[in-house]
Amino acid sequence: MVEFQKEARSDSFAVGNIYLGRVKKLLPGLNAAFVDVGCKKEAFLHYQDLGSNFSTLQKYLKILKDDNRKRLPVSKIQRMPEIEKDGSIGNVLTVGQELLVQIAKEPISTKGPRLTAELSFAGRFLVLIPFADDISISTKIKSSEERARLRQLMQSVKPKNFSVIVRTSAEGKKVAELDGELKMLLKRMEDSIPRVPKMKAPSLVFEEASRTVALLRDIFNSSFQHIYINEKSVYDSVYEYVSIIAPEQKGIVKQYGEETPIFDKFGVTKQIKSLFGRTITYRGGAYLIIEHTEAMHVIDVNSGNRMKSSTEQEKTAFEVNCAAAEEIARQLRLRDMGGIIVVDFIDMTEASNRQQLFDIMVKAMSKDRAKHNILPLSKFCLMQITRQRVRPILDVQTAESCPSCFGTGVVKSSILFTDSLEGKIDCLVNKHNVKKFTLHVHPYVAAYINKGLISLGMRWKMRYSAKIKVIPDQGLAFLEYKFYDSEGNELDMQEEVEIHVPAKKRR
């Protein structure tokens with residue numbers, strides 16, 4: 001597993017969302033402003049993030065508000081002079097002013113979202129930026145002929161008062177594909193921005209595609225072999241998206257419908273449990289220790305039992321460090337670690353080894369889509385890395401809380417666990433009249449319930465005349481369980497927390 005993204009259904013303020021916000025406070029010392037976009041924490045907007053064409057954007061909003069029935073196209077707007085590069089926030093914004101802003105960074109820790117007023121609409125091949133007039137080509141497209149072709153193509157189809165950034169994936173694409181996406185992005189913009197006069201700040205103006213579709217938009221290519229999805233609504237949206245961008249590959253999108261949890265089926269649960277802890281073991285018994293602080297992330301490389309005699313220390317240290325560099329590059333992508341990362345490699349005395357390790361690290365991180373910068377190792381074998389951070393680090397708790405004692409430290413005898421489960425089944429069948437359900441338990445417990453010709457599970461079925469299916473679930477703790485009805489809805493059958501008050505001692 002090289003990348004893992006997790007998003008709660010309740011999450012909002014995702015990167016790319018556009019809001020109508022209101023200026024709450026100006027900060028002349030920071031040359032910035034706090035803007036209310038509806039988040040618990042006020043969002044931060046720096047003067048440099050206003051964009052050079054901020055005046056044109058504000059003029060367009062004023063025209064819309066003066067006559068909201070007349071939708072004047074952006075291409076017919078007379079552009080205003082660019083704002084000063086080193087100007088003051090107080091000369092451009094006032095408290096209470098409404099403005100359109102886009103989320104550049106999601107809320108992280110105690111900080112609110114980071115904003116930009118330079119709006120953009122991202123597609124698979126192009127990024128459309130209104131109220132400007134320029135064409136930029138991805139620097140990863142090296143061929144001068146291809147760059148010239150794409151620039152000429154964009155000049156012929158790009159409307160006035162729009163900038164276009166041509167992404168790397170556009171290399172070799174035909175005119176029809178790029179023109180089709182450009183029209184789609186224009187429609188997206190025209191369907192959202194003109195609605196602003198009817199809104200009251202703070203309001204959501206444009207919502208970026210779901211994390212799933214946005215991820216596919218950025219990384220999907222012809223090498224994809226399978227896309228498995230276990231939820232119907234997400235399957236429908238992904239199937240529709242792939243059918244549009246690559247009709248010949250729509251067959252790789254498959255809906256997963258087996259009883260075994262999808263992460264268990266493909267071995268993802270085990271990898272999550274082993275890869276997101278504080279200590280990460282890798283090749284040959286060596287291990288990493290990863291610590292997260294408010295200011296930075298610190299990674300310590302340890303050789304474990306690899307260190308041999310003093311004559312081989314340099315060679316062993318180099319081998320351990322090289323393997324660590326590859327694992328660290330993977331961990332940065334897996335956890336989506338951003339900001340400042342300091343890596344404490346095992347000391348090496350030879351400068352050539354330190355340079356070689358630096359080259360290996362650069363190569364290992366070349367596939368990382370996030371912007372990053374790597375500094376050469378210091379004489380103490382410390383490496384500093386900065387990596388773009390647009391959303392909070394992915395924190396996956398691998399330690400399991402006890403589902404039996406709820407933190408009290410006192411549990412019922414484990415031999416009575418199946419008796420407790422039977423009590424729950426009795427309650428479901430006879431009290432709530434649920435005759436068909438599935439029971440998810442730890443694989444060891446499932447094996448115990450299903451063992452034998454006339455297993456415990458079989459006896460439950462006969463005793464209660466119910467359709468009971470026992471599913472092993474690697475995501476559950478040893479004595480944890482979950483009940484689901486025939487439609488996949490969880491049935492809350494957890495026990496109440498028992499509070500044990502010790503008896504007073506006799507005097």
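In this predicted model, the axes of helix α10 (residues 417–431) and helix α12 (residues 456–464) come within 11 Å and cross at roughly 30°. Here axes are lines fitted to C-alpha atoms, for helices over the stretch in contact, with angles running from 0 to 180 degrees between N-to-C directions; helices (H or I, at least four residues) and strands (E, at least two) are DSSP runs numbered from the N terminus. Because angles under 35 degrees count as roughly parallel, α10 is roughly parallel to α12. On the α10 side, the contact (heavy atoms within 4.5 Å) is made by T418, L421, E422, I425, D426, V429 and N430, and α12 contributes L456, W460, R463 and Y464.

Turning to the interior, the largest nonpolar core holds 36 residues, and L100 and I193 have the most contacts inside it. Such a core is a set of buried Ala, Val, Leu, Ile, Met, Phe, Trp, Tyr and Cys residues joined through side-chain atoms within 4.5 Å, where buried means under 20% relative accessible area with a 1.4 Å probe, protein chains only. Among the elements giving two or more residues to this core are β1 (18–27), α1 (54–66), α2 (144–157) and α3 (175–192); α3 gives the most, with five residues. Apart from its neighbours within four places in sequence, I193 is in contact with Y60, L64, L100, L119, F121 and V205. A second, separate core of 32 residues includes I290, V301, V320 and I385.

Residues are numbered from 1 along each chain as its sequence is written, and side-chain values use heavy atoms, leaving out hydrogens and water. Local features need pLDDT of at least 70 and side-chain atom pairs count only at pLDDT 80 or more, while totals for chains, interfaces and linings use all residues.

Key: Parallel < 35°, antiparallel > 145°, perpendicular 65-115°, else oblique. Buried < 20%, exposed > 50% of the residue type's maximum accessible area, 1.4 Å probe, protein only.
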